[in-house]
There are 2 protein chains.
Amino acid sequence: MSAHDEAAPTTIGELGEAATLGRIIPLLPESMRTLLGPGDDCAVVSVPDGRVPLTVDLMIEGPDFRVGLSTGYDVGWKACATNLADVAAMGATPTALIVAVAAPADTPVDFLEGIARGLRDAAQQLAPGCGVVGGDLSTAPVIMLSVTATGEFDGVDPVTRAGARVGHVVAVAGDLGRARTGLDLLFDHAVDARGHVDRAAVERLWQSHPDDIGAQLRPAPPISAGRRAALAGASAMMDVSDGLVMDARRIAAASGVGIDFDLAAVGSHVALIGGEDHAMLATFPLAATLPSEFRVIGRVVPRDGIFVDGAPFTESGGWDPLRDGDVRP
Amino acid sequence: MSAHDEAAPTTIGELGEAATLGRIIPLLPESMRTLLGPGDDCAVVSVPDGRVPLTVDLMIEGPDFRVGLSTGYDVGWKACATNLADVAAMGATPTALIVAVAAPADTPVDFLEGIARGLRDAAQQLAPGCGVVGGDLSTAPVIMLSVTATGEFDGVDPVTRAGARVGHVVAVAGDLGRARTGLDLLFDHAVDARGHVDRAAVERLWQSHPDDIGAQLRPAPPISAGRRAALAGASAMMDVSDGLVMDARRIAAASGVGIDFDLAAVGSHVALIGGEDHAMLATFPLAATLPSEFRVIGRVVPRDGIFVDGAPFTESGGWDPLRDGDVRP
């Protein structure tokens, strides 16, 4: 490595807003639905269906990621993937993202370029045609992203959490528990007692446990499966962000029913309580033909609550961002 | 004041996510275009026109506001008003907001309730029918809001920054310079050398200079004037967020023209360089009948750049959020 390579990286405070945007915007993915892109008061996106899904998620350094455990690329990828999953879980196809980023002035511009590349690759791989149409850039004491996502229903009604009915099957597309396993691996082997991150250990974990670390740092939820579930007549759907049981409780409460899981089909205890996989959890009428990505893991029952093999599941398995406030549950 | 009143305020960390949302969501304004409101993976908004404007702005404690100078109500009001102005400046009618808030766990829930009330009152007064359809809540080291706004074009084409043509008149609706004057008053009389805020002094300034302090802390941009300008055939438009000259440069650059201001019509030097008023700045063909809110302040000229009474205006008058990074320019 030459002396030049070891020079202090260029920061966004040194570059200023216009030059930083000049580095980032060319890296962002384009949306096939863009009528007007970045640079005006608003972006304008085509929504021929006349109904538009809208969702926002914050990703904040500390509660949601740590620099070192995550690269900028990982942060951008995950922010994109989790928002795409929210659109997919309504049965819509994601079309456009609005991305606001704030970071300390001493943040290397490389980190923000990494975020842009991560957004690009996640959009292109998980939801081709979806792109970033606008955003905002500012300063803050920690790095934070706000990603707003939208999409198009193309004639299919939104699939809410409220349509599960007794007798429907409960099915899931995508992994369950891997992201939590990856988080545990990272904290057990790459973060010391003082909270310092050993980047070399993170790299070794990527080599030894690529599926679990990937699920945590670069989740790849089955975005197109959400759309296919809607077309197949899914009665309720959401993406599993806080854990299968906690999120299933939300479908059960919204629908006024209970859900009984088959533990053998779910696979493991960590699959019941682990969050952040962003799998698609859906209910279907018995007569529906499930899309190939989905596997049946339970059924909708009349008694309120969540059950596993018929027994009430009382473990909360949850994480409250306001009370708990750090990466580790 | 009773002992009960002096008790420490309830914090959002004590309440947790669900209870905090239970306090906030009922305070939020409803959108007349809501097909599905808060509580699912996405909100769903009606967009009969088939084209949707999208914009986001961050408001971050430090660069964008200070607790004490601003109440929670002020923060919510301003976050709403500035985003409504971006939608209005495209010629659209604002219909829906997506609001993400993050705050330290020790933030009093009162402050977040104030934000919600400010959002509600600004939406109801400035853009009746526009409401909050969804959002996110998390923790961060400082208070921050991300507001995404959308609206409807209802058959009128978006008014970009690129349509100004030589010979068009330049006109503005709303105040210029008051928000900057209000900021100067606040820093001169209500913030000491160590940066501490004297809340009683803020209250006195509200009494003695309601228009200037109001323009800074609770701006009331002429939202409906944006729509009327579009209907009247405005050729270019934006809201004045960073100052008249700085923002006029953006229209001039996007349109490939220059703009010459009449200082007597603009009114003052602070009106040229002061930001944050969110007035509507528009250009119109000579044949257009300007909506009554607009006054002519200049004309579009062939020579690139910004001129005042024919002389090039070289003062930057700008503020770079990445380099400068605090409330005070």
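The dialogue below goes through how the two chains, their domains and some helix pairs are described in this predicted model.

Visitor: What makes the relation between chain B and chain A that of a two-fold axis?

Guide: Chain B can be laid on chain A by a turn of 180° with a shift of 0.0 Å along the axis, and the RMSD is 0.0 Å. That is the relation of a two-fold axis. In chain B, the C-alpha nearest this axis belongs to B:Gly50, at 2.6 Å from it.

Visitor: How do you know that the same surface serves both copies?

Guide: Of the contact residues of chain B, 100% recur in chain A.

Visitor: How many residues does the contact take from chain B and from chain A?

Guide: It takes 59 residues from chain B and 59 residues from chain A. On the side of chain B that touches chain A, strand E3 (residues 51-60) of chain B gives the largest share, 9 residues. That side divides into 33 nonpolar, 15 polar and 11 charged residues.

Visitor: Why is H3(B) called oblique to H4(B)?

Guide: Helix H3 (residues 72-88) and helix H4 (residues 109-126) of chain B pack at an angle of about 40°, with their axes 6 Å apart. Roughly parallel needs an angle under 35 degrees, and roughly perpendicular needs 65 to 115. An angle of about 40° fits neither range, nor is it over 145, so the pair counts as oblique. The crossing of H3(B) and H4(B) is right-handed. Their contact has 15 nonpolar, 4 polar and 5 charged residues.

Visitor: Why is H5(B) called roughly perpendicular to H7(B)?

Guide: Helix H5 (residues 178-189) and helix H7 (residues 210-217) of chain B pack at about 100°, and their axes are 7 Å apart. The range for roughly perpendicular is 65 to 115 degrees, and about 100° falls inside it, so H5(B) is roughly perpendicular to H7(B).

Visitor: Which residues of H5(B) and H7(B) meet?

Guide: From H5(B) they include B:Arg178, B:Ala179 and B:Leu186, and from H7(B) they include B:Asp211, B:Ile213 and B:Leu217. By class, the residues of this contact are 7 nonpolar, 3 polar and 3 charged.

Visitor: What makes H2(A) roughly parallel to H4(A)?

Guide: The axes of helix H2 (residues 12-24) and helix H4 (residues 109-126) of chain A cross at roughly 25° and come within 10 Å. Angles under 35 degrees count as roughly parallel. Roughly 25° is under that limit, so H2(A) is roughly parallel to H4(A). The crossing of H2(A) and H4(A) is right-handed. A:Ile12, A:Leu15, A:Thr20, A:Arg23 and A:Ile24 in H2(A) meet A:Val109, A:Leu112, A:Glu113 and A:Ala116 in H4(A). That contact has 6 nonpolar, 1 polar and 2 charged residues.

Visitor: Where do the domains of chain A lie along the chain?

Guide: Domain 1 covers 3-152 and domain 2 covers 169-324. Their centres, taken over C-alpha atoms, are separated by 25 Å. The contact takes 20 residues from domain 1 of chain A and 22 residues from domain 2 of chain A.

Visitor: Which elements give two or more residues to the side of domain 1 of chain A that touches domain 2 of chain A?

Guide: They are helix H3 (72-88) and strand E4 (93-102) of chain A. H3(A) gives the largest share of that side, 9 residues. The side divides into 11 nonpolar, 5 polar and 4 charged residues.

Notes: Residues numbered from 1 in each chain as written. Chains lettered and ligands numbered in written order. Predicted model: local features only at pLDDT ≥ 70, side-chain atom pairs only at ≥ 80, totals over all residues. Least-squares fit on C-alpha atoms with pLDDT ≥ 70 in both. Contact = placed C-beta atoms within 7 Å. Axes fitted to C-alpha atoms, helices over the stretch in contact; angles between N-to-C directions. Helix = DSSP H or I, 4+ residues; strand = E, 2+ residues; numbered from the N terminus. Left-handed = near helix turned anticlockwise from the far one by under 90°. Nonpolar A, V, L, I, M, F, W, Y, C, P; charged D, E, K, R; others polar. Domains from an automatic or database assignment.
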